[in-house]
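Biologist: I am new to this structure and would like a close look at a single part of it. Please take the place where the two chains meet, and then put it beside the contact inside one chain.

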Amino acid sequence: MPVRIGPFTMNFKTNVNGLAEAIHYLYADFSIINECDFIDYRVSLMRAGGLRRWIAPYMTVVAEGTSMFSKFPVNAAIPYWEWGLNRCIARFAQHYLILHAAVIEKHGNALMIVGSSGSGKSTLCAGLTFNGWRLLSDELALVSTEDHCITALARPITLKNESLKIIQQLGSHVKTGPVSHGTVKGTVAHVRPPTDSVDRVNERATPGWFVLLSYQPDAEIQLEPVTKAQAVMQIAHNAFNYGTLGVDGFKSLTQVVDTCDCYNLTYSNLDEAIALFNGDQFAIKNNVELHEAI
Amino acid sequence: MEFSDHILLQVLRDPEKMATLSLSEWDALKPLARSTLVISKIAALAHKLDLLDLLPEQIVPHLTSAHVFAARHDRAVRWEVNRVQRALRDVNTPIILLKGAAYAISNMACATGRVYGDTDILVLKDRLGEVENSLTRHGWDTDEDNEYDERYYRTWLHELPPMRHRERGTVLDVHHNILPRIDKLQINIQLLFESAIPINGTKVCVLSPPDMVLHSAAHLFRIGNFDHGLRDLADLDELIRQFNNLDGFWDSVLDRAQQLKLTLPWYSATRYVEYLFHTPIPDRVKRTVAKWAPLWPEVPIIDRLVKRAVLPRKIDDRDVRRQMAISLLGHWPLPRLKVTMTGLFWIKRMPWFAKQEKT
Amino acid sequence: MPDLQWRLRNQDELVTWRSNDETVVYDAGSGDTHLFDLVAAEGLNSLLESQLTEQEFVERLANRLDIKPDEQLHRYVGRLIEQLEAAGLLETADS
């Protein structure tokens, strides 16, 4: 089934019924392409056949003929599907500088949230997506090495454990897919991206802010400026292909950070964080025209 | 259609052909080139021959991505060699780079657009202990997660298990011979050390041209490692073309193959590299090598296995037949029976030892 | 070994970016990125001029910072040399 995901044409294939249904649900607003001469990325998640259907059964994710995940348990198809798509893009789309960050946009300016697993990045991303910001990505910031604008994917947001409950409480307009329990990251589910974010996926965003995140239980919300040099170091260590791009990666990243305001953020309460980012400090940064995707 | 007319092989043999491919042909070619690790070679050729403007715009970002990926690998292998020299500066052993690392450091044609896995070095057997200690002091650890795998390597294969650098995450394979211990054919490795060629400005050497091509042949057809068969045969094609004009090259290879008893791997290597890449091999050489053909298994069987192994027929799913061909090519030349009779061989294959993949 | 000459491993491979008092240095050889504060950046600049023994390094850095080459600076330079060598930025002249 060829689907348009931001700048990419992708072909999805699976022999797992539950996954096919989940993909139809989570990607409902994306355009299916009827005829296509060229597919950017072919991704498949298949359950092993033969004897292994019953004895120590496993699944694999393959993208472009290359294994993304070679063997994982059969109860984790949907999370591994999404993680497999992330790996595919991170591995094969290296004409972008790809940062490990959630990206949301308002008035043409991108807010990039950088943080390791468990830092609350996806929770904050989801919270802001359903409170006035447009979703570009919950995991991969695709930065152009030419003009430094960010390209959107608007894919489902992956949420784990407690953050799933928190986001579901935002309201019935938040639609989540099936929940997978007992994965390597605990309980995982995916939030369907808002229709508006998907409809506007071709609109790129100009970098505006970097927020380097740490989640601390019961912490007071604290936003502090961080030097651009320190921001470069942290973001470089949180990038998928900064090292791969070599000197060009260094030049692109330093130029992008130079145009942004950079902060460290500690938070524990999502409502407080939403209020902060919807306040004056994160109103329009620059007057920008929205750029078409390249 | 003859197998060697496959579009991927045509493009590798004649890169200018890229400019004539339609969008659907590129669509079919791209995942094959990716899965056989030759896409960055194609990208490098497109850059070198200035063909990018002639190609459909949809393929250009993919070639750019592959090009960037290979450039990183090139930088990484050069740095790795730099760090290995630093770590081993006080150990009294020559260090011979093997395979990819050797191609990169000596700027061989086949290094262009190549992606690298582990770095392979050859050191003196007597110094293995000191080498391991020095590497450990400089940040490398044995890679294997469990003691079964570690014992397997130490007992049967290269002596040292693969060593992973704690910070860089790169893997170093330290060999003391080019064939594993379980192979009853033992190479007189001293001969290779004596002929090794130092690289200017470094403390490392590479194998002499005849030894380099024979090692490539042995890797494919004696050790039987066909995981990256197409790329390795493409490397060999370029090596042969580069050495073709060296005085005495062919006579040296033939003599050396007999001296090291690698005549059968050399027969196979020349047969398939010529079939797939039309490598120019002088007739007199072909006549000599033809006498080294195996009696069993029959050549047509190996022909079929090699064709199966070098190119996947399925992109979206496991190509089971290809895996089987790769596995058979791995087991045919090398007497693994001794190894399969040990408990170690089976224990490490039990599912509960499988590593959980990181996401 | 006080008479060892230290030099940058390959200054052609270094790319720098300055932002206020901090300098970020990319080493194209190793692929590593390093953050230098003001003092360390002056140390790096000292080495860009020529190779130096440890003593010469102390004196040149003191000069650049307009301070006296005291015991504290000696210790600082000793540590800096160790860090730069381990990071692959520095090597001895006979390497």
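Modeller: Across the interface of chain B and chain A, 3 salt bridges are found. This is a predicted model, and the values below are computed from it. One of the salt bridges can be named: B:Arg34 and A:Glu64 meet through their side chains, with 2.6 Å from N to O. The elements of chain B that give two or more residues to the side touching chain A are α2 (23-35) and α4 (60-87). By class, that side of chain B holds 10 charged, 9 nonpolar and 8 polar residues. Polar contacts are also present: 11 residue pairs make them across the interface of chain B and chain A, with both residues at pLDDT 80 or more.

Next comes the extent of this interface. The contact involves 27 residues of chain B and 33 residues of chain A. A general point helps here: the accessible area lost when parts come together is often used to give the size of an interface. Between chain B and chain A, about 2,700 Å² is buried, and carbon and sulfur atoms give 52% of that area.

Now the contact inside chain A. The domain assignment splits chain A into domain 1 (1-93) and domain 2, which is made of two segments, 96-155 and 193-294. In the contact between them, 14 residues come from domain 1 of chain A and 18 residues from domain 2 of chain A. The C-alpha centres of domain 1 and domain 2 of chain A are 26 Å apart. On the side of domain 1 of chain A, the residues that lose the most area to domain 2 of chain A are A:Pro7, A:Asp29 and A:Asn86, which together make up 34% of what that side buries. The area buried between the two domains of chain A is about 1,300 Å², with 64% given by carbon and sulfur atoms.

The charged and polar pairs of this second interface can be listed in the same way. The rule finds 1 salt bridge between domain 1 and domain 2 of chain A. A salt bridge joins A:Arg155 to A:Glu82, with the closest N and O atoms 2.8 Å apart. Helix α2 (residues 77-92) of chain A gives the most to the domain 1 side of this contact, namely 5 residues. That side of domain 1 of chain A has 10 nonpolar residues, 2 polar residues and 2 charged residues. Between domain 1 and domain 2 of chain A, 5 residue pairs are in polar contact, both residues being at pLDDT 80 or more.

Terms used. Residues are numbered from 1 along each chain as its sequence is written. Chains are lettered from A and ligands numbered from 1 in the order in which they are written. This is a predicted model: local features need pLDDT of at least 70, side-chain atom pairs count only at pLDDT 80 or more; totals for chains, interfaces and linings use all residues. Side-chain values use heavy atoms; hydrogens and water are left out. Domain bounds come from an automatic or database domain assignment. Contact means heavy atoms within 4.5 Å. Buried area is the accessible area (1.4 Å probe) that two parts lose on being put together, summed over both. A salt bridge is a side-chain nitrogen of Lys or Arg within 4 Å of a carboxyl oxygen of Asp or Glu. A polar contact is a pair of N or O atoms within 3.5 Å; within protein, one must be able to donate a hydrogen and the other to accept it, and residues adjacent in sequence count only if both atoms are side-chain atoms. Helices (H or I, at least four residues) and strands (E, at least two) are DSSP runs, numbered from the N terminus. Ala, Val, Leu, Ile, Met, Phe, Trp, Tyr, Cys and Pro count as nonpolar, Asp, Glu, Lys and Arg as charged, and the others, Gly among them, as polar.
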